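Open the model in a viewer and keep the selection panel at hand. The stops below run from the whole chain down to single residues.

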Amino acid sequence: VARLTGRRYAAAVGSGTDALFFSLRAAAVGPGDEVLVPDFSFVASASAIVRAGAVPVFVDIGDDFNLDLASAGSLVGPRTKAMVFVHLYGLMGNPEDIEAFGRTHGVSIIEDAAQSYGASFGARAAGSVGLASCLSFDPTKPISAPGSGGMVLTDDSAVADYVRSARYHGTGPTGLCDVLGFNSQMPSATASVIELKVDREVVMANIRRTIAARYSAALRGTGITPPPDRPEAHHIYHKYVISSPRRDSLRQRFADAGVVTKIHYPAPLSAQPVFGPSHRTNPRAMRSAAQVLSLPIHPYLTDEEIDRVVEVLCDAGVTVTRQ
């Protein structure tokens, strides 16, 4: 994995959530610190920050669903120690802009690439950005494994050494426990499955991209917004997420046709009760939570199942035209 992402070191851990936590601790994030994080993401992007003892600062997103760097810049303060940048749904952000932000503001960049293994932006692969990159091998991720699993990728030997120690109770090379550690080991069976799947992810991503192209073609003229894309980016469509102010009625159409859809995610992170009351409103994150809908997209969809999704999209377009 390190070779394929252009990193020097890789350390396997028990989950993508642990990978985020260990990366934050390796960046010396702790009590009293603040960490910038997108307000629209899976909860682990922010809960790992709380677990490290720091405070998540929720940043609004751009039109590509990724953290908006201009908004982030306005929230940098004297306690800002790091930024977690999430490539949401498989679309990678601009690595040069992300790393330039870190240099300008003196903050460590932790790349959350849980949903974007195999994606790229120009010549840069997801997993190559910042101080440390975090992968997840959860069953719902681009490379899935039995149970779960995660990985920290880095070019910094000190970061790699810390993660390798912390994942096994803080045990150092002498056999003594040098730091407070945890039990976050990846089982050998999980590692074996990942090893088999790594080289096949290109094939799997190309299948998802082919399905995505069919969906996007069906969306033309419907008034439903397809997933964002950028010409410099190689989108892997970990999720195919459409947006519509008629999201709930559209979801019912799919349900009536026997198509299961999901909402990723139903609320901004700042609205999650676990993080307490928020004093900031992020309008794009709120709008996305009210409008997004994830359509089925995985390499094992049959032609009949894809046709059924396309049929519902086309029917929705006819309804919009009549209205």
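**Stop 1: the two domains**

Domain 1 and domain 2 together bury about 3,100 Å², and 61% of that area is on carbon and sulfur atoms. The size of an interface is often given as the accessible area lost when the parts come together. The model is a predicted one.

To colour the two parts, select 2-196 for domain 1 and 199-319 for domain 2, as the domain assignment of the protein chain has them. A distance drawn between their C-alpha centres spans 25 Å. Next, select the residues that touch across the boundary: 42 in domain 1 are in contact with 32 in domain 2.

**Stop 2: helix H2 against H3**

Select residues 16-26, helix H2, and residues 44-51, helix H3; their axes come within 9 Å of each other and cross at roughly 45 degrees. That angle falls outside the ranges for roughly parallel (under 35 degrees) and roughly perpendicular (65 to 115), so H2 is oblique to H3. The crossing of H2 over H3 is right-handed.

Show side chains for the contact: on H2, pick Thr17, Asp18, Leu20, Phe21 and Leu24, and on H3, pick Ala44, Ser45, Ala48, Ile49 and Arg51. Sorted by class, the contact of H2 with H3 holds six nonpolar, two polar and two charged residues.

**Stop 3: helix H2 against H6**

Keep H2 (residues 16-26) selected and add H6 (residues 157-166); here the axes come within 10 Å and the crossing angle is roughly 130 degrees. H2 and H6 are therefore oblique to each other. In handedness, H2 passes H6 in a right-handed crossing.

Which residues make the contact? From H2 they are Phe22, Arg25 and Ala26, and from H6 they are Val159, Tyr162, Val163 and Ala166. The contact of H2 with H6 consists of six nonpolar residues and one charged residue, with no polar ones.

**Stop 4: the loop after H2**

Move on to Ala28, in the loop that links H2 to strand E2 (34-38). Check the backbone torsion there: phi of Ala28 is near 65 degrees, a positive value in a residue other than glycine.

**Stop 5: a cis peptide bond**

Finish in the loop between helix H9 (247-256) and helix H10 (283-291), where Tyr265 lies. Is the peptide bond from His264 to Tyr265 cis or trans? The bond is cis, with omega near 20 degrees. Select both His264 and Tyr265 to display this bond.

Conventions:
Residues numbered from 1 in each chain as written. Predicted model: local features only at pLDDT ≥ 70, side-chain atom pairs only at ≥ 80, totals over all residues. Heavy atoms only, no water. Axes fitted to C-alpha atoms, helices over the stretch in contact; angles between N-to-C directions. Helix = DSSP H or I, 4+ residues; strand = E, 2+ residues; numbered from the N terminus. Parallel < 35°, antiparallel > 145°, perpendicular 65-115°, else oblique. Left-handed = near helix turned anticlockwise from the far one by under 90°. Contact = heavy atoms within 4.5 Å. Nonpolar A, V, L, I, M, F, W, Y, C, P; charged D, E, K, R; others polar. Domains from an automatic or database assignment. Buried area = accessible area lost by both parts, 1.4 Å probe.
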